[in-house]
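Hello,

Here is the structure I promised to pass on to you. Please have a look at it first, and then read on for what turned up in it.

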Amino acid sequence: MRPRIAIDAMGGDEGARVMVAGAALARHRHAGFQFLFVGDEAQIREALKDHPNLSAASDILHAPDVVSGDDKPGQALRGSKTTSMGMAVNAVKTGEVSAAVSAGNTGALMAIAKLALRTMPGIDRPALSALLPTMKETDVVMLDLGANTECNSRNLVQFAVMGAAYSRIMHGFDRPRVKLLNIGTEEAKGTGTIQEAAATLKGAGALHMDFLGFTEADKISTGEVDVIVTDGFSGNVALKALEGTARFVTDLLKRSFLSSLRSKIGFLISRPATEMLRDQLDPNNHNGAVFLGLNGVVVKSHGSADAKGVANAVEVAARLVEDSILERISEDLKKISETSPVAEVAK
């Protein structure tokens, strides 16, 4: 399937210029991509002037309004018929496009997407999932990262199913290693909700995953697991802590290398290593969070993403469409046998 992707051109810190540039970069890498840019037509056409090769593969849908970063989800829902974000998601609903990408307000995007697309059969709540860098060659899939602050064990099991399907697509794993985020690795640790989810996943042998118990937050980046499952409150806190630590490390290194002449010389010697570190920690290289569990593909780009980051978000959306993420999740849910402890999760 050749993906056609709706781009909310007005989302993000720099609006149409960066969103169009990111789409152009993605199409340079993948010539078959097609786009529907949604937003202020004049701004989009102006941005397209810098990318003439993109124009032939693009259509424009004018949207008179924009969801601001301060809009509450309720406000965004009420105005969704005329905003670039709402119209981009609606294009997924109508089948005009295969997926939508927005760098706008996360809460608003979640609310609009959930109302327009609804959740898949067998899924109670969608989850926000992203790829996070690790010490190994592959990133770790983590969810939920903020869509659901409170979750029951049934939600966590569904998140595990969705995360495993996502990992199989992005990394080609046959049976991704899955763990629940907990305050310890011992079997007796954690809340009743986590314990119930663990017991269910242990008995769900029909699923395409290897459930390996619990992991702690300090192991998120080690690469010892492929999918980490948690509630949205804990996941968002962990994500912000990781982002803050990455900024702290890079700022500390920069300050240290500039502190003296000897340090500057040391920087020149170690520059290849520091460049590799910077590349690994650059959020643009891991941009593109996905709302899993909806009847359609919606990808959230970071608001401050540059063209490279937007291109990565577009490529994530296209990959999920091309490899049929919705069908994979549905198949995994159907594989749960009626006699399995997890059978009620799919009903």
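**Salt bridges and surroundings**

Searching the whole structure turns up 13 salt bridges. Please keep in mind that this is a predicted model.

Let me start with three of the pairs. One of them joins glutamate 315 to arginine 29, with 2.9 Å between the closest N and O atoms. This pair links distant parts of the chain: glutamate 315 belongs to helix H11 (residues 307–322) and arginine 29 to helix H1 (residues 16–29), and their positions lie 286 residues apart in the count, that is, they are 286 residues apart. Is glutamate 315 buried or exposed? Its relative accessibility is 18%, and since buried means under 20%, glutamate 315 counts as buried. Arginine 29 is partly exposed, at a relative accessible area of 38%.

Another salt bridge brings together the side chains of glutamate 187 and lysine 202, at 3.9 Å from N to O. Here, too, distant parts of the chain are linked: glutamate 187 sits in the loop between strand E7 (177–181) and helix H8 (192–202), lysine 202 sits in H8, and the two are 15 residues apart. Glutamate 187 counts as exposed, with 60% relative accessibility, and lysine 202 is exposed as well, with a relative accessible area of 53%.

A further pair is arginine 17 with glutamate 14, whose closest N and O atoms are 2.2 Å apart.

**Helix H1**

H1, the helix that holds arginine 29, is worth a look as a whole. It is made of 14 residues and spans 20 Å from its first C-alpha to its last, close to the 20 Å expected at 1.5 Å a residue. Its buried residues include Ala16, Val18, Met19 and Val20, and further along Gly22 and Ala26. What covers them? Among the elements that do so are strand E1 (4–8), strand E2 (34–39), helix H2 (41–48), helix H3 (52–55) and H11.

**The sheet**

Now to the strands. An open sheet is formed by 11 strands, in the order E3-E2-E1-E4-E11-E10-E5-E6-E9-E7-E8, with mixed pairing. At its edges are strand E3 (58–62) and E8, each of which pairs on one side only. On average, neighbouring strands of this sheet are turned by 25 degrees against each other, direction ignored.

Towards the E8 end of that order, E7 and strand E9 (residues 227–229) pair in the parallel sense over 3 bridges. Lysine 179 stands opposite isoleucine 228 in E9. H8 lies across E7 and E8 and runs at about 160 degrees to E8.

Threonine 215 is a good residue to click on here, and it is found in strand E8 (residues 210–215). With a relative accessibility of 1%, threonine 215 counts as buried. Leaving aside residues up to four places away in sequence, threonine 215 touches Lys179, Leu180, Leu181, Asn182, Thr185, Glu224 and Ile228.

**The chain overall**

To finish, a few totals. The secondary structure of the chain comes to 12 helices and 11 strands. Of the 347 residues in the chain, 50% are buried. Taking contacts between residues at least 6 apart in sequence, 72% join residues at least 24 apart. The accessible surface of the chain is about 16100 Å², and 53% of that belongs to carbon and sulfur atoms.

Enjoy exploring, and best wishes!

Note on methods. Residues are numbered from 1 along each chain as its sequence is written. This is a predicted model: local features need pLDDT of at least 70, side-chain atom pairs count only at pLDDT 80 or more; totals for chains, interfaces and linings use all residues. Side-chain values use heavy atoms; hydrogens and water are left out. A salt bridge is a side-chain nitrogen of Lys or Arg within 4 Å of a carboxyl oxygen of Asp or Glu. Helices (H or I, at least four residues) and strands (E, at least two) are DSSP runs, numbered from the N terminus. Buried means under 20% relative accessible area, exposed over 50%, partly exposed in between (1.4 Å probe, protein chains only). The expected span of a helix is 1.5 Å times one less than its number of residues. Contact means heavy atoms within 4.5 Å. Two strands pair if DSSP finds at least two bridges between them. Axes are lines fitted to C-alpha atoms, for helices over the stretch in contact, and angles run from 0 to 180 degrees between N-to-C directions. Accessible areas come from the Shrake-Rupley method with a 1.4 Å probe; for residues, only the protein chains shown count as cover.
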